[in-house]
Amino acid sequence: MILFEKLRRCLLLSLASLLLGGAAHAYSAPKTVLVLGDSLSAEYGLARGTGWVALLEQRLKSQKLEVTLVNASVSGETTSGGRTRLPALLKKHKPDVVVIELGANDGLRGLPVAAAEANLRAMVGEARQAGAKVLIVGNRVPPNYGRDYAEKFFAMFGTISKDTKSGLAPFMLDGVADKIELFQPDRLHPLASAHPIILGNIWPHLLPILRTK
């Protein structure tokens, strides 16, 4: 009976070890994250390595997360441009996660919200079809664009996230947008000192996605 009990305990310990090892492997499995954004993610007007995407890469390394980060952001990009470029990027990089930070330029140009929404939905669908999880990064337009337009624009990101069950960072410039001292002279692009705040607005919503198998 004593021998049987010892064997039973050894089997239980081995099983627990295998389960824990599998969980650790799922957490630490290498992943590729594709960031598809505009000038807010492309370090416009900043020294290289000081934007939020570069800061994200540093954080991933400091937390020993095996993530390859691909920043495919282009200054001036619209949702239409991102939609055009995404298929080739998915084919080339085969990302596990796609971060879509687009829409600001559509809003600043006063383009129809419905058109931007259609483009974003199409990108989410394409990323999902390629096997990637999606994080949508929301934004706002200045109040001078009119309350109705501004509210519809901001609500668009949350609606898409809910409908497609995608992750959402509601407002990337939260804590930045209302502080003019954190902007470059054009009053559109944040200074490097604002980018840790931007990362702080995105990181809590990205990390749970990275932790999923």
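D178 sits out in the open, exposed (over 50% relative accessible area, taken with a 1.4 Å probe on protein chains only) at a relative accessible area of 62%. Its salt-bridge partner is K179, with N to O at 3.6 Å; here a salt bridge is a side-chain nitrogen of Lys or Arg within 4 Å of a carboxyl oxygen of Asp or Glu. K179 itself comes out as partly exposed, at 32% relative accessibility, a label that covers whatever falls between exposed and buried, the latter being under 20%.

All of this rests on a predicted model, in which local features need pLDDT of at least 70 and side-chain atom pairs count only at pLDDT 80 or more, while totals for chains, interfaces and linings use all residues. Residues are numbered from 1 along each chain as its sequence is written, and side-chain values use heavy atoms, leaving out hydrogens and water.

Side chains of opposite charge can pair when their charged atoms come close. Searching the whole structure turns up seven salt bridges. One of them joins E77 to R85, with 2.5 Å between the closest N and O atoms. E77 is buried, its relative accessible area being 10%, whereas R85 is partly exposed at 25%.

E43 and R48 make another such pair, their closest N and O atoms lying 3.6 Å apart. The acidic side of this bridge, E43, is buried at 10% relative accessible area, but R48 is exposed, with 59% relative accessibility. Beyond these pairs, salt bridges also tie E117, R121 and D163 together into a network.
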